[in-house]
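Reader: Could you take me through one part of this model up close? I'd like to hear about a single strand and what sits around it, in plain words.

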Amino acid sequence: MGKADYFYNNIKNSINKNISTRSGLTLSKPLHVSIQPNLRCNARCLMCDCWRERNDYIDSNTFINALKQLKDLNKRGFFVQISGGEPLIYQGIYDIFSFCAKNNIICKISTNGIALTDKNCDKIIASGLKYLSVSIDSHIPEIHDKLRGVENTLEKAVKGIEYLAKNGNLTLGISSVLMSENISSFDKSINYFLTLPIHRLLIQPIRIWIEDLPTERWHEYKYWINDHKTLKNIINFLIDKKRIDNRILNSERDIQDWYTYFINPNLLVSKQLKKCHIGYEKISISYKGDVTLGCSYFGNIGNINESSIKDLWYSPKAKKIRKRMMNCKVPCTSNCYKELTFREKAAKAKVLIKSGLFDT
């Protein structure tokens, strides 16, 4: 009943979250949990340098203990997103999958797909994991493999998806980043992705990870999209495509906002009419155990090696950070500020139900 519990708990939490954001109280729970078990990676992506890390700092039992605390705190089902680095090379990752499966915790992993060998796919299937997303940025090997810094990355990722679709019972997805390197062929990439046996496709515009670069200079970032004509064409293509294939999870409004984002990210702030509420519904746990309220921009609220999840969630420091987050003015392409319309909620729910996320 984990997925049904999650669905019910989301409705209840949404009400409590709205009360909390108005009153300053913390009545809601962290139903969305992001875990980064490691920073190590088997890729050499040009957009980040996390692969330079050589060590893992926390064992799987520590993360499992944190999940036990979250289960006690939430009572009903919640959602765990596991990312990295590359989580499939983390020792003990299958133990985390199995714990979630046995305790009716919805668990999703994001992977670059390099480690999706037949052997590892069999381990994934045996662990009970039901939700897996692969990061693929182009259907052209020369582009995708260049971005990942490792040869044959695209081939391994696609083979992994096909193997899991044939032999397992997973909800499969692709996550793709739109940037200057792939925009000229992005329409063809999307058409290709949708021929694969996936249930959903999520597209993200490239984000700036260099914190000391002011938004006025984001256009100088080498992967930033400054070809506005091609960008407009891709946006129109994606909106048309979504209308005939609802596996594209982004809302039309999200896609339309990308034009503003790349033209002038500061203008996106003026569209952020809703205050950021992510601090009332999400926590993230880093590879060193640091806990943030879903967004690392405002700093952490503590560490799982020193305090319980419950104490951190209700701590005075968390309350102060939530207040700061409510006044955030950082250009952001996430949905923290947006109140989805009924139509958008229905469209998103349709994809998730069809993909098996809310099966009971």
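Author: What follows starts at one strand and works outward to the core and the charged pairs.

Keep in mind that this is a predicted model, so everything here is computed. The chain has 13 helices and nine strands, and 53% of its 360 residues count as buried. Let's zoom in on β2, residues 79-82. Which way do its side chains point? Phe 79 and Gln 81 go one way, Val 80 and Ile 82 go the other, and all of them are buried.

Now for the neighbours of β2. On β1, residues 32-35, the pairing with β2 is parallel and runs over four bridges. Val 33 is the residue that stands opposite Val 80 there. β2 also pairs with β3, residues 106-111, again in the parallel sense and over four bridges. In that pairing, Gln 81 has Lys 108 as its bridge partner.

How does the chain get from strand to strand? Between β1 and β2 comes helix α2, residues 60-74, and the three make a right-handed β-α-β unit. Carry on from β2 and you meet helix α3, residues 93-102, which together with β2 and β3 makes a right-handed β-α-β unit too. On the scale of the whole chain, 72% of the contacts between residues at least 6 apart in sequence join residues at least 24 apart.

Next, the core. The largest nonpolar one has 91 residues, and Phe 97, Ile 124 and Leu 132 have the most contacts inside it. Another core lies apart from that one; it has eight residues, among them Ala 43, Cys 50, Trp 51 and Tyr 287. As a general point, nonpolar side chains in soluble globular proteins tend to be buried together.

Back to Leu 132 for a moment. Setting aside neighbours within four places in sequence, Leu 132 is in contact with residues including Ile 109, Thr 111, Leu 116, Ile 124 and Leu 164. A bit further along the chain is helix α5, residues 141-148, where Ile 143, His 144, Asp 145, Leu 147 and Arg 148 are buried. What covers them? β4 (131-135) and α6 (153-167) are included in that cover. Just after α5, Gly 149 takes a positive phi of about 75°.

You'll probably want the charges as well. A search of the whole structure finds eight salt bridges. One of them joins the side chains of Asp 56 and Arg 40, at 2.9 Å from N to O. Both residues sit in the loop between β1 and α2, 16 residues apart. With 29% relative accessibility, Asp 56 counts as partly exposed.

In α6 there is a salt bridge between Lys 159 and Glu 155, with the closest N and O atoms 3.1 Å apart. Since these two are four residues apart in that helix, about one helical turn separates Lys 159 from Glu 155. Glu 155 is partly exposed, with a relative accessible area of 41%. Glu 220 and Arg 217 also meet through their side chains, at 3.0 Å from N to O. Glu 220 counts as partly exposed at 45% relative accessibility, and Arg 217 counts as partly exposed at 41%.

As for the outside, the chain exposes about 17,000 Å², and carbon and sulfur atoms supply 50% of that.

Definitions and conventions: Residues numbered from 1 in each chain as written. Predicted model: local features only at pLDDT ≥ 70, side-chain atom pairs only at ≥ 80, totals over all residues. Heavy atoms only, no water. Buried < 20%, exposed > 50% of the residue type's maximum accessible area, 1.4 Å probe, protein only. Contact = heavy atoms within 4.5 Å. Areas by Shrake-Rupley, 256 points an atom, 1.4 Å probe, with all protein chains shown as cover. Pairing = 2+ DSSP bridges. Right-handed = clockwise from strand over helix to strand, strands pointing away. Core = buried A, V, L, I, M, F, W, Y, C linked by side-chain atoms within 4.5 Å. Salt bridge = Lys/Arg side-chain N within 4 Å of Asp/Glu carboxyl O.
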